[in-house]
Amino acid sequence: MSNYSRRKGAMFETGVMKWLRSKGLLAERLRLAGKDDEGDIVCIVAGNPYVFELKATAKMQLPEFWREATVEAKNYAKARGLEKVRSEEHTSE
């Protein structure tokens, strides 16, 4: 990935995090963790964590993005001993 793409993605993530915080929500960027990546942002709403996998791209590849987000939400939950990832309810297998 080029430095430009990395900067663009980081700026997008930071912008979304700041917007969520401006709405009074607890939001933090998550660090990269290779194959165990946990998403880009976690936002806590009513005590429940929501993991965001953000894409700053012109081309939408929703099935691929959904799979990636689901895997990363599972990684987030597993690392914290959480029971269930709700995105599983919406996947078709």
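**Helix 2, the sheet strands and a small core**

The buried residues of helix 2 pack against two strands, strand 2 and strand 3 (48-52). That is a handy place to start with this structure, which is a predicted model. Helix 2 covers residues 62-80, 19 residues in all, and spans 27 Å from its first C-alpha to its last, close to the 27 Å expected at 1.5 Å a residue. Its buried residues are Phe65, Thr70, Glu72, Ala73, Asn75, Tyr76 and Ala77. Lys78, also in helix 2, counts as exposed, because its relative accessibility is 71% and the exposed class begins over 50%. Lys78 sits 27 Å from Met11, C-alpha to C-alpha, with their positions 67 residues apart in sequence. Just after helix 2 comes Gly81, with a positive phi of about 70°.

Stepping back to the whole protein chain, the count is two helices and three strands. Read from the N terminus, the elements go α-β-β-β-α. The radius of gyration is 13 Å, close to the 12 Å that the globule rule gives for 93 residues, so the chain is as compact as a globular protein of that length. Along the principal axes, the C-alpha atoms fill a box of roughly 35 × 35 × 20 Å. As for burial, 27% of the 93 residues count as buried. The chain exposes about 7000 Å², and carbon and sulfur atoms supply 55% of that area. Among contacts with a separation of 6 or more, 32% involve residues 24 or more positions apart.

Next comes the inside of the protein. The largest nonpolar core has seven residues, namely Val16, Met17, Leu20, Ala27, Ile41, Cys43 and Leu54. Two elements, helix 1 (3-22) and strand 2 (41-45), each give two or more residues to this core. Helix 1 provides the largest share, with three residues. Ala27, a member of the core, has contacts with Met17, Leu20, Arg21, Ile41, Val42 and Cys43, leaving aside neighbours within four places in sequence.

Glu28 lies in strand 1 (residues 26-29). Its relative accessible area is 38%, so Glu28 is partly exposed. Setting aside residues up to four places away in sequence, Glu28 touches Met17, Arg21, Asp40, Ile41 and Val42. With one of these, Arg21, there is also a polar contact between side chains, at 3.0 Å. The C-alpha atoms of Glu28 and Thr14 are 9.0 Å apart, while the two residues are 14 residues apart along the chain.

Glu13 belongs to helix 1. Glu13 counts as buried because its relative accessibility is 11%, and the buried class is anything under 20%. Beyond residues up to four places away in sequence, Glu13 touches Arg29, Asp40, Ile41 and Leu54. Ile41 and Leu54 are both members of the largest nonpolar core.

Another glutamate, Glu38, turns up in the loop between strand 1 and strand 2. At 14% relative accessibility, Glu38 counts as buried. Apart from residues up to four places away in sequence, Glu38 touches Leu30, Val51, Glu72, Asn75, Tyr76, Ala79 and Arg80. Among these partners, Glu72, Asn75 and Tyr76 are buried residues of helix 2. The side chains of Glu38 and Arg80 are joined by a polar contact of 2.9 Å. In the other direction along the chain, Glu38 and Met11 are 27 residues apart, and their C-alpha atoms are separated by 18 Å.

One last spot is the loop between strand 2 and strand 3, where Ala46 has its place. The phi of Ala46 is near 50°, a positive value in a residue other than glycine. Ala46 counts as exposed, since its relative accessibility is 78%.

Notes:
Residues are numbered from 1 along each chain as its sequence is written. This is a predicted model: local features need pLDDT of at least 70, side-chain atom pairs count only at pLDDT 80 or more; totals for chains, interfaces and linings use all residues. Side-chain values use heavy atoms; hydrogens and water are left out. Helices (H or I, at least four residues) and strands (E, at least two) are DSSP runs, numbered from the N terminus. Buried means under 20% relative accessible area, exposed over 50%, partly exposed in between (1.4 Å probe, protein chains only). Contact means heavy atoms within 4.5 Å. A polar contact is a pair of N or O atoms within 3.5 Å; within protein, one must be able to donate a hydrogen and the other to accept it, and residues adjacent in sequence count only if both atoms are side-chain atoms. A nonpolar core is a set of buried Ala, Val, Leu, Ile, Met, Phe, Trp, Tyr and Cys residues joined through side-chain atoms within 4.5 Å. The radius of gyration is taken over C-alpha atoms; the globule rule is 2.2 Å times the number of residues to the power 0.38. Accessible areas come from the Shrake-Rupley method with a 1.4 Å probe; for residues, only the protein chains shown count as cover. The expected span of a helix is 1.5 Å times one less than its number of residues.
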